[in-house]
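Me: I have a structure open here and would like a close look at one small part of it. Could you walk me through that part and then wander on to a few other spots?

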Number of protein chains: 2
Amino acid sequence: MTAKMAPQLKEDIRQLIAQDGMGPGDQLPTEPELSERFGVSRNKIREALKLLEQDGLVTAIQGRGRFVSALGSLPIERPVNIYESITELLQGLGYTVTNVVLSVEESTADARVARELQLDEGDPVIRLVRLRLGDDQPMVFSINIIRRDALPGPLEYRNWGASITKILEGHGHHVVSSIARLSAANLPAEHSTTYDLAQYDPWLLVEETCISREGERVLYAVDYHRSSEIAFNVVRRR
Amino acid sequence: MTAKMAPQLKEDIRQLIAQDGMGPGDQLPTEPELSERFGVSRNKIREALKLLEQDGLVTAIQGRGRFVSALGSLPIERPVNIYESITELLQGLGYTVTNVVLSVEESTADARVARELQLDEGDPVIRLVRLRLGDDQPMVFSINIIRRDALPGPLEYRNWGASITKILEGHGHHVVSSIARLSAANLPAEHSTTYDLAQYDPWLLVEETCISREGERVLYAVDYHRSSEIAFNVVRRR
């Protein structure tokens, strides 16, 4: 079992607060209780609680314990600051996930891709275009640009319908973080006739440079999320 | 020589990142290198780096080092986890901000507003609809729902063209945090003919419950951000 990272544990505790219907001022379970509940050390729990405090979701009162803040009692559906693959995102929403591979090809880095993946322009990349379905409905239109050297070997022997995150993991590239840019967009004209996707305009566009545990920028993902089905939440603090 | 405090040192490191033209994902110099460069102890450097991490300017990856985040490298775009008013957002983008008040009225909380502001359905609220301009160009179409008791007194004597954040502050409600939901949307039909705004579809929609320092949910803001001009950045981590 992989040890949970503090941000994920933080999210688990936040979900516990939501599930238990805790309101502002309600006291959190103690460190030993949380430690037992999540099967991790008290140190890990303390680390996660510290993050919750820093986010203003939990207030610590010396000698009294930790309490849910006004902010902490608000429901958060999909926290945008937690990295997850599209597969994980859609499964988290309760969908059965399938992928339609629209194209996969050897390509080269343009100026944008070169900057995002720290390559030189013209360096080889894999360009994969897919439609991600949830319960057979279009959910995410996805363009993945992958460093060619991250996935060596001929393209034709690989199952491009599988999770790219998993495929990258199989080659020792564990994506653990990303830098994302969120905006709104209609699907580009060259894709919008595919499966009559223009009917789902506009989309929440996430352009994301994904970084592996090893610190490599292995994947640049341009994902159009169907806006009627997918939104992101974020806690904002001054 | 006075020992530098961590916040100043943090600012120095941030400036170093900007001066060296470091991009998202670029690795920072090591602790010993920074320690030598700024002539302070490694402990002080670590403290400053921790602040940079907490601010989301730097991402630490276990065993690999510290990396510049979107926030650390993109001065123009906006880190979504930092709460700021629309006025601050637009000023931060370098615009001169003006507001067109389209309507302001006494209204009542519907089910959604009641839930977001912890009111009962039918409780009184103020409904303010404005077009926020940057350098005289439409930037944000903004619907603000304000608890009626947060801003007592007749509506007609107030300058609704001013910053709502500032007006609320004048009444002792200091908005310091929010929970926001990000999605993509076209402007609703009843507003899209105003100033021919339909031409700017689609918009990045931010629905935001704003919480005061005192823990009150005072403001529910529905803001349509012009997507060609405004995007948000976020660091995501597993």
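Me: Which residues are exposed on the other side of α2(A)?

Reply: Happy to help, and please keep in mind that this is a predicted model. On that side of α2(A), the exposed residues are A:Glu36 and A:Arg37. The helix itself spans residues 31-38 of chain A, and its buried residues are A:Glu31, A:Leu34 and A:Ser35. Looking down the axis of α2(A), you will find these buried residues within an arc of 105°, so they line one face of the helix. The spacing makes sense in general terms: an α-helix has 3.6 residues a turn, so residues three or four places apart point the same way. The cover over the buried residues of α2(A) includes α1 (6-19), α3 (42-54) and β2 (65-68), which belong to chain A. After the helix comes A:Gly39, with a positive phi near 65°.

From there, let us turn to the aromatic rings. Such a pair is described by the distance of the centres and the angle of the planes. Over all chains, the count comes to four aromatic pairs. One of them joins A:Phe141 and A:Tyr224: the ring centres are 6.3 Å apart and the planes stand at 65°, so this pair is edge-to-face, given that planes over 60 degrees apart count as such. A:Phe141 sits in strand β5 (residues 137-147) of chain A, while A:Tyr224 sits in strand β8 (residues 217-226) of chain A, so the pair ties together parts that are 83 residues apart in sequence. Both partners count as buried, because buried means under 20% relative accessible area: A:Phe141 is at 0%, and A:Tyr224 is at 7%.

Chain B offers a pair too. The rings of B:Tyr200 and B:Trp203 have centres 6.1 Å apart and planes at 85°, so they are also edge-to-face. B:Tyr200 has 17% relative accessibility and therefore counts as buried. B:Trp203 is buried as well, with a relative accessible area of 0%.

One more stop, back in chain A, is a residue with a charged-type name to look up on your screen: A:Glu207, found in strand β7 (residues 203-212). Its relative accessibility is 13%, so A:Glu207 counts as buried. Leaving out residues up to four places away in sequence, A:Glu207 touches A:Arg112, A:Ile179, A:Ala180, A:Arg181, A:Ser183, A:Tyr220, A:Ala221 and A:Val222.

Methods. Residues numbered from 1 in each chain as written. Chains lettered and ligands numbered in written order. Predicted model: local features only at pLDDT ≥ 70, side-chain atom pairs only at ≥ 80, totals over all residues. Heavy atoms only, no water. Helix = DSSP H or I, 4+ residues; strand = E, 2+ residues; numbered from the N terminus. Buried < 20%, exposed > 50% of the residue type's maximum accessible area, 1.4 Å probe, protein only. Contact = heavy atoms within 4.5 Å. Phe/Tyr/Trp six-rings, centres within 6.5 Å; stacked < 30°, edge-to-face > 60°. Arc of directions from axis to C-beta.
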